[in-house]
Structure formats: C-alpha cells, structure tokens
Amino acid sequence: AAKGDGRGVHRFYSSEMHADAEDRRQMEEDLRHALASDALHLVYQPVVSSQTERITGYEALLRWNHPVRGAISPAVFVPIAEESGLIAPLGEWVLRTACRDATQWVDDIRVAVNVSPIQFANPGLPALVMSALANSQLAPERLELEITESVFLNDDDGTDATFARLKAIGVRLALDDFGTGYSSLGYLKKAPFDKIKIDQSFVRGAAVKGNRNSAIIKAIVSLAEALGMDTTAEGAETQDELALIRQLGCSHIQGYVYGRPLTAEDVLERQRSHGTLALAEGFQSS
Ligand code: C2E
Ligand code: MG
Ligand code: MG
Ligand code: MG
C-alpha cells in the first residue's frame, strides 16, 4: 500500500476520471498535509474588458505542487477536497488569501474566487465572506464569487437566503461554466448574478467557419444583456477566437490569448511595468 509520506509510491495520480479509491485516499491525506504546511498557492489569471482592453480583474486559481508527484490539477484535487470535507478549510484559506492579495492591486481591480457548492451550502459562508473582507480591508464590490449551476441542485430556502445575504454584503456574483451544467434558465431569473461566464467549451473552436458555438455565445450574450449581466468568455486562446468573441459582444474575456495565470508577485510586477493595459499575444509591443 502507498506510504503516508508519498515516498516509494509507484503509482501516479491519474486523470480525474480514473483516480481509484486508493489514489483518492492517498491524495486526501497528502492534501490535508499540504493545507497544514502551506504547500498550496494561488495564481491569478487576468480578466480583460473587451471595450478598453484593460485588466478589470483576476481570477484566483488554486495550485498544488506535490513534493513527489509535481503539479496536480484543481480539477482533480478539488473534488476530493469536496468529498472529504477538506473544502471548508481549503476554501476559507483561498478566500482570505485572495482578498489579502487583491488589496495590493491598483485601480480597483477585482478578484474572483471560486466557491464550491459545498461551501455555498454552508450557512456560515456569508459570515466568512464578511470576515475575509474585514480582515483584509478589501471593498466588497472588489470581490466576485464564482459559483456553478450545481449550487442549485440542493435548491432550498437556505440557498435563497445565502444569495440574499451575499448581495446585502455587496460582493459580486458570477455564474461559472455556464452552459455545461443543468442549464435551467430559471436560475437566471431568481439568482442575482452580476455576470455569466460562458464556458470555454463554447469558446474553443467558435471561430471555425460554420461552427454552431458562435450562435450559442451570441444567444447567451443577448440573454445576459437583457438581464443586465456582464459576460466573460472563458478560454480564448487564439487571435481568431478573440476577434470573434469581441464581435459577438462579450463584455469580458479571459484566456491564454491575454495571459496564463500569474503568481501574486508576478501580478504586482506586471502592474508596475504595464499598469492595467492588457496585450493580446501576437500584439506584444516589446
Ligand atoms: P474555472 O473556475 O472554470 O477556471 C478556469 C479554468 O480554465 C482554469 O483552470 C484556467 O487555468 C483555465 N483556462 C483559462 N484560460 C484558458 C485557456 O485559454 N485555455 C485553456 N485550455 N484553459 C484555460 P484550472 O486553474 O486548472 O482550474 C480548473 C477548475 O478547478 C476551475 O475551473 C475551478 O472549477 C476549479 N478551481 C480552481 N481553483 C479553485 C478554488 O480555489 N476553489 C474551488 N472551489 N475550485 C477551484
Ligand atoms: Mg471560475
Ligand atoms: Mg469556468
Ligand atoms: Mg470549471
């Protein structure tokens, strides 16, 4: 069997689909240790305004460099944290760290934090958000919480109350990965989202001639506009995708075309050298 310190383990964590029970148990133990020993960190990916090509925010993304196995994707370890209950302390650490880092950013740039449906179901979430804001002195409107449609799976009075409390605190709410989940438009009617993030599966390849994805993006954008919500197109990688997304009217863009996630230090360094100006790859002036 795998040893607790990870040494002498000959199996590697496989893709999220194939992690077996033993892999998961081991990973859970390693993750618990990583959280306790400060071995996790956040990286920040720019979100850019289509109109101004300025950075309006960064999304905080969790990273884990395992001492033996190297980088493990959050798509693999977040579900394990959710199943084991570790997501509560992990999510709290992410929220507090992201708020603290964002206070150093210029021009009221926002920070977006992913919130697991498990965290959202905890009635203590609004109090935690207030505490993170108070400790960091970050203005509420500079914090955006990203949640996915799966928060509505356990839709009840508690969900409604949490939405109401978060809105009262003044943080922004974004609906992440839109179009991939259960996609009931009823959510958009009742939940007070400020932004819809169009999943990268629609953006990827949208620029290919005749691709149906661009029709879907267009429809989501007009729906969002009618409801007074912003849209972020996720995962734009190429100049063609960027041009199309701008033409389709998405208000914001996030993707490798504008930059991969940066460490907190690199965000500050970039700010010193470029301010908030975003330069798409291929248009780099220097
Ligand atoms: P997400 O919230 O939808 O985050 C966007 C993901 O797309 C990130 O992957 C980002 O690196 C990736 N991405 C952005 N632009 C591009 C692009 O142009 N091309 C490609 N191929 N990918 C792009 P990442 O960092 O691996 O995160 C995966 C997912 O893990 C996130 O999806 C989110 O659901 C979850 N996650 C990450 N950090 C956290 C966290 O702190 N808490 C929670 N609960 N979940 C997190
Ligand atoms: Mg997200
Ligand atoms: Mg997403
Ligand atoms: Mg996602």
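Select Asp 176 and ligand 1 in this predicted model: an N or O atom in the Asp 176 side chain is 2.9 Å from an oxygen atom of the ligand. Keep ligand 1 displayed and add Glu 234, where a polar side-chain atom lies 3.3 Å from a ligand oxygen. Then add Glu 237, whose side chain places an N or O atom 2.6 Å from a nitrogen atom of ligand 1. On its own, ligand 1 has 800 Å² of accessible area, and the protein covers 83% of this.

**The pocket and its shell**

Turn on a surface for the protein alone. The largest pocket is the space that ligand 1 takes. Colour by secondary structure next: strand E2 (55-66), helix H2 (74-84) and strand E6 (172-178) are the elements that each give two or more residues to the shell around ligand 1. E2 supplies the largest share, 4 residues.

Now select the whole shell, 21 residues, of which Arg 63, Asn 114, Gln 200, Glu 237 and Tyr 256 come nearest to ligand 1. Coloured by residue class, the shell shows 7 nonpolar, 6 polar and 8 charged residues.

**First magnesium ion**

Move to ligand 2, a magnesium ion, and show its protein donors: Glu 59 (OE), Asn 114 (OD1), Glu 146 (OE) and Asp 176 (OD). These lie 2.0 to 2.2 Å from the ion. To find the donor residues along the chain, follow the spacing E-x54-N-x31-E-x29-D. Glu 59 in strand E2 and Asn 114 in strand E4 (residues 110-114) are 55 residues apart, a pair that links distant parts of the chain.

**Second magnesium ion**

Which residue bridges the magnesium ions, ligand 2 and ligand 3? Select Asp 176, the residue where the tour began: Asp 176 coordinates both ions, which are 4.1 Å apart.

Centre on ligand 3 and label its donors. Asp 176 (OD), Asp 177 (OD) and Glu 234 (OE), the last listed twice, coordinate this magnesium ion at 2.0 to 2.4 Å. Their sequence spacing is D-D-x56-E. Here too, distant parts of the chain are linked: Asp 176 sits in strand E6 and Glu 234 in strand E8 (residues 230-234), 58 residues apart.

**Last view**

Finish with ligand 1 and both ions displayed together, and keep Asp 176 and Glu 234 as sticks. Asp 176 has its side-chain contact with an oxygen atom of ligand 1 and bridges the two magnesium ions. Glu 234 has a polar side-chain atom 3.3 Å from a ligand 1 oxygen and is a donor to ligand 3.

How values were computed
Residues numbered from 1 in each chain as written. Chains lettered and ligands numbered in written order. Predicted model: local features only at pLDDT ≥ 70, side-chain atom pairs only at ≥ 80, totals over all residues. Heavy atoms only, no water. Near = heavy atom within 4 Å. Polar contact = N/O pair within 3.5 Å; in protein donor to acceptor, adjacent residues only side chain to side chain. Areas by Shrake-Rupley, 256 points an atom, 1.4 Å probe, with all protein chains shown as cover. 1 Å grid on protein atoms, 1.4 Å probe; cavity = no way out; pocket = protein on both sides within 12 Å on 5 of 7 lines; lining within 4 Å. Sits in = over half its atoms within 2 Å of the grid points. Nonpolar A, V, L, I, M, F, W, Y, C, P; charged D, E, K, R; others polar. Donors = N, O, S within 2.8 Å, 3.2 Å for Na, K, Ca; no water.
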